[in-house]
Amino acid sequence: MPDRLATLDRELLAAHAAGDMPALVRLYAEAAEACEAEGQSDAAGFYRTHAYVFALALGDARAGALHAKLKADGREQ
Amino acid sequence: MTMHDDLDAVLKPVEQARGLPNAHYVSDEMFAEEREAVLFSSWAGLTFGKEIPVPGDALPIDFMGMPLLALRDRKGQVRVFQNTCRHRGMILVEKKRNIGGVIRCPYHSWCYALTGELKATPHVGGPGQNVHETIRRAELGLIEIASHVWRDVVFVNVSGTAPPFEVYAAEAIRLWGDYEGRPVVAGGPESAFTFDVACNWKLAVENYCESYHLPWVHPGLNSYSRLEDHYNIEAPGAFSGQGTLVYRPMIAADGRRFPDYEGLPEKWREGAEYIALYPNVLLGVHRDQSFAIILEPRGKERTVEHVQIYYADDSVAGDDWADMRAENARLWHTVFAEDVFVVEGMQKGRHGVHFDGGKFSPVMDGPTHCFHRWVAERVSAAS
């Protein structure tokens, strides 16, 4: 899994450089899931927050589920 | 004698009055004072609704140094906000664009709905913690600026102290009641143009609202629109302008005319009217078309005039009418361009230190004095 996170990091940097917001939503959400699997809940919250913000900015339907999870974790209202 | 003592002469009846003193055209101090007393405290024209035609369209505008954001929300309502994040004061939107979701501040990603509500405050309570007891989102929405759309002009009252637009502009709305609620269909790109002129914005108002200059500055109009065919329009404290009794619609070589608004009273068959709705919006209506000019003050001696021509029917916006729209726009452009040397010349003239504001013709300059008086009243009341 650390390998996957390292790969994600590179993919995220590329998506940021390209301004590819749909990809940012997907990659940050995936990073959150990866951290959660490793028991890193704060890191998961960090990444999921980014996925949520970019989904909000896009008007992407994924924002709803991301918000629900953040709220369930006490990270969002 | 102070600058404001000079305004007593402006407030006299037109027969005895003087025009606004030079300082109102050449002084940084007065430009700043009028920003507050004349433009921010009234309903000023900001932009056109057609500039933000679909939900999510957002247009940042620097309005006399005030960063504003005009947008169309998801329900189609035009709104204007201060273009400033409530967190660290960052400018939110730098370029015109469509916003698919929320307005995301590019600094720390605080997010706002198109209705202004603060929707997200990422990491505000620490990494991954997006809430904090002191960050009350309900109190931290975008600052909304009072706005109203009339005849496709987006008006704003920056100070928030003016009466509702329908009250502020009641007399103008009543004057043109025959057109109220009718379509104002923006022509194509050819129907919008600007003039960047070296004058104080008020000189463009003053020149627009009187017909005295027409035979001298617009000789081409003389053949069908003589001075005696015009009348003054004066609504003290609200607007002033002129009307003509001999408007003739444009007829193409093949005999086509732009479609008229249906069912207009006889007055409009050959009548047309042109008013300056104070402070900075110049409007004209005719049986088959209208236009609006927003005067954007860029400085004490610089104004950008944004001209937009409208038609009575959606069909005119189509390709079938492109040639006629282009010809019509060319005609209006020619007329408005003829005024540039006048307003720029009056600006230069106001550096003459012995100019006393000028002497009005009681017969011909009433609409101009009406505007001067309105400005003087507002500046006096604010000082």
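Visitor: Which residue of β4(B) is the bridge partner of B:R72?

Guide: In β4(B), B:R72 is partnered by B:V78. The model is predicted, so local features require pLDDT of at least 70 and side-chain atom pairs pLDDT 80 or more, whereas totals for chains, interfaces and linings use all residues. Residues are numbered from 1 along each chain as its sequence is written, chains are lettered from A and ligands numbered from 1 in the order written, and side-chain values use heavy atoms, without hydrogens and water.

Visitor: What makes β3(B) and β4(B) a pair?

Guide: Two strands (E runs of at least two residues in DSSP) pair if DSSP finds at least two bridges between them. Strand β3 (residues 66-72) of chain B and strand β4 (residues 78-82) of chain B have 5 bridges in the antiparallel sense, so they pair. Their hairpin has 5 residues between the strands, and B:G76 takes a positive phi near 90° there.

Visitor: How do you know that strand β2 of chain B pairs with β3(B), and in which sense?

Guide: Strand β2 (residues 57-63) of chain B shares 6 bridges with β3(B), so the criterion is met; the sense is antiparallel. B:M66 in β3(B) is the bridge partner of B:F63. In this hairpin, with 2 residues between the strands, B:M64 has a positive phi near 55°.

Visitor: Why is β3(B) called mostly covered?

Guide: Buried means under 20% relative accessible area, exposed over 50%, and partly exposed in between (1.4 Å probe, protein chains only). In β3(B), 6 of the 7 residues are buried, so the strand is described as mostly covered.

Visitor: Why does A:R26 count as partly exposed?

Guide: The relative accessibility of A:R26 is 45%, which lies between the two limits, so A:R26 is partly exposed. This residue lies in helix α2 (residues 21-37) of chain A, a helix being a DSSP run of H or I with at least four residues.

Visitor: Why is the largest nonpolar core said to lie between domain 1 and domain 2 of chain B?

Guide: A nonpolar core joins buried Ala, Val, Leu, Ile, Met, Phe, Trp, Tyr and Cys residues through side-chain atoms within 4.5 Å. The largest has 96 residues, and B:F63, B:W150, B:L277, B:L283 and B:F336 touch the most other members. Domain 1 (53-145) and domain 2 (169-382) both contribute residues, so this core lies between them; the domain bounds come from an automatic or database assignment.

Visitor: Which residues does B:W150 touch?

Guide: Beyond four places in sequence, the contacts of B:W150 (heavy atoms within 4.5 Å) include B:F155, B:W176, B:L277 and B:L283.
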